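Let's take a friendly walk through a protein model, one feature at a time. Have the structure open beside you and look up each residue as it is named.

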Amino acid sequence: MKTQLTELARGLRDLHKQLIHLETQYFGAVGSPLEHLQLITNHPHFAWLQKLSGLMTQLDERLDDAEPVTLEEARAFRQSVEMLIGPCEEGDQAFRAKYNALLHDGPELVMAHGAVRKLLAAIA
């Protein structure tokens, strides 16, 4: 399970990167990398991404733990991701609306989404 969740963490990082890239394009000029980081973490335009960032942090922290990852934990992470990006219908609709809108705007994001969906499917 730890290997599958490690791969999921990598996939989520790529997905997150693509989301930030698209949202930054819509936001406009951001200045230095430090200013960009401050915008991503503090500006309301990027606030919706904090749900995914937080989930990624939880996953990374769990993977850093020496204890073996259980199937139940892996399934819980899968469900948490699916609540954000789909297909779980009782998920976070506000996040999903922004997410789905961006899916139409970037082929790299679509590829990252497909990769994450494939990784999620491997967690039975």
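Is Phe27 buried, partly exposed or exposed? With a relative accessibility of 29%, Phe27 counts as partly exposed, because the partly exposed class runs between 20% and 50%. Please keep in mind that this is a predicted model.

**Aromatic rings**

Searching the whole structure turns up three aromatic pairs. In one of them, the ring centres of Phe27 and Phe46 are 5.6 Å apart and the planes meet at 45°, so this pair is tilted. The two partners come from distant parts of the chain, 19 residues apart: Phe27 belongs to helix α1 (residues 2-27), whereas Phe46 sits in the loop between α2 (33-42) and α3 (50-64). Unlike the partly exposed Phe27, Phe46 is buried, with 0% relative accessibility.

Now turn to Phe95 and Tyr99. How far apart are the centres of their rings? The distance is 6.0 Å, and with the planes at 20° the pair counts as stacked, because planes under 30 degrees apart fall in that class. Both residues lie in helix α5 (residues 93-103), and being four residues apart there, they are separated by about one helical turn. Phe95 is buried at 1% relative accessibility, and Tyr99 is buried too, at 0%. Together with Trp48, Phe95 and Tyr99 make up one aromatic cluster.

Here are some accessibility values side by side, including two residues that come up later.

| Residue | Relative accessibility | Class |
|---|---|---|
| Phe27 | 29% | partly exposed |
| Phe46 | 0% | buried |
| Phe95 | 1% | buried |
| Tyr99 | 0% | buried |
| Met83 | 25% | partly exposed |
| Gly114 | 35% | partly exposed |

**Two helices side by side**

Next, find α1 and α3. At what angle do they pack? The angle is about 155°, and their axes are 10 Å apart. That makes α1 roughly antiparallel to α3, because angles over 145 degrees are counted that way. Their crossing is left-handed.

Which residues meet here? On the α1 side they include Leu5, Leu8, Leu12, Leu15 and Leu19, and on the α3 side Leu52, Met56, Leu59 and Leu63 are among them. Lys2 and Arg13 of α1 also take part, as does Asp60 of α3. Sorted by class, the contact of α1 with α3 has 10 nonpolar, three polar and three charged residues.

**Around Met83 and the loop after α4**

Met83 is part of helix α4 (residues 71-85), and at 25% relative accessibility this residue is partly exposed. What does Met83 touch, once its neighbours within four places in sequence are left aside? Its contacts are Cys88, Glu90, Gly91, Asp92 and Arg96. Ile20 is 63 residues from Met83 along the chain, and their C-alpha atoms are separated by 19 Å.

Pro87 lies in the loop between α4 and α5. The peptide bond leading from Gly86 to Pro87 is cis, with omega near 10°. For background, most peptide bonds are trans.

**A glycine in α6**

Our last stop is Gly114, in helix α6 (residues 107-121). Its relative accessible area of 35% makes Gly114 partly exposed. How far is Gly114 from Leu15, counted in residues and in space? They are 99 residues apart along the chain, while their C-alpha atoms are separated by 9.5 Å. Leu15 has appeared before, as one of the α1 residues that meet α3.

How values were computed: Residues numbered from 1 in each chain as written. Predicted model: local features only at pLDDT ≥ 70, side-chain atom pairs only at ≥ 80, totals over all residues. Heavy atoms only, no water. Phe/Tyr/Trp six-rings, centres within 6.5 Å; stacked < 30°, edge-to-face > 60°. Buried < 20%, exposed > 50% of the residue type's maximum accessible area, 1.4 Å probe, protein only. Axes fitted to C-alpha atoms, helices over the stretch in contact; angles between N-to-C directions. Parallel < 35°, antiparallel > 145°, perpendicular 65-115°, else oblique. Left-handed = near helix turned anticlockwise from the far one by under 90°. Contact = heavy atoms within 4.5 Å. Nonpolar A, V, L, I, M, F, W, Y, C, P; charged D, E, K, R; others polar.
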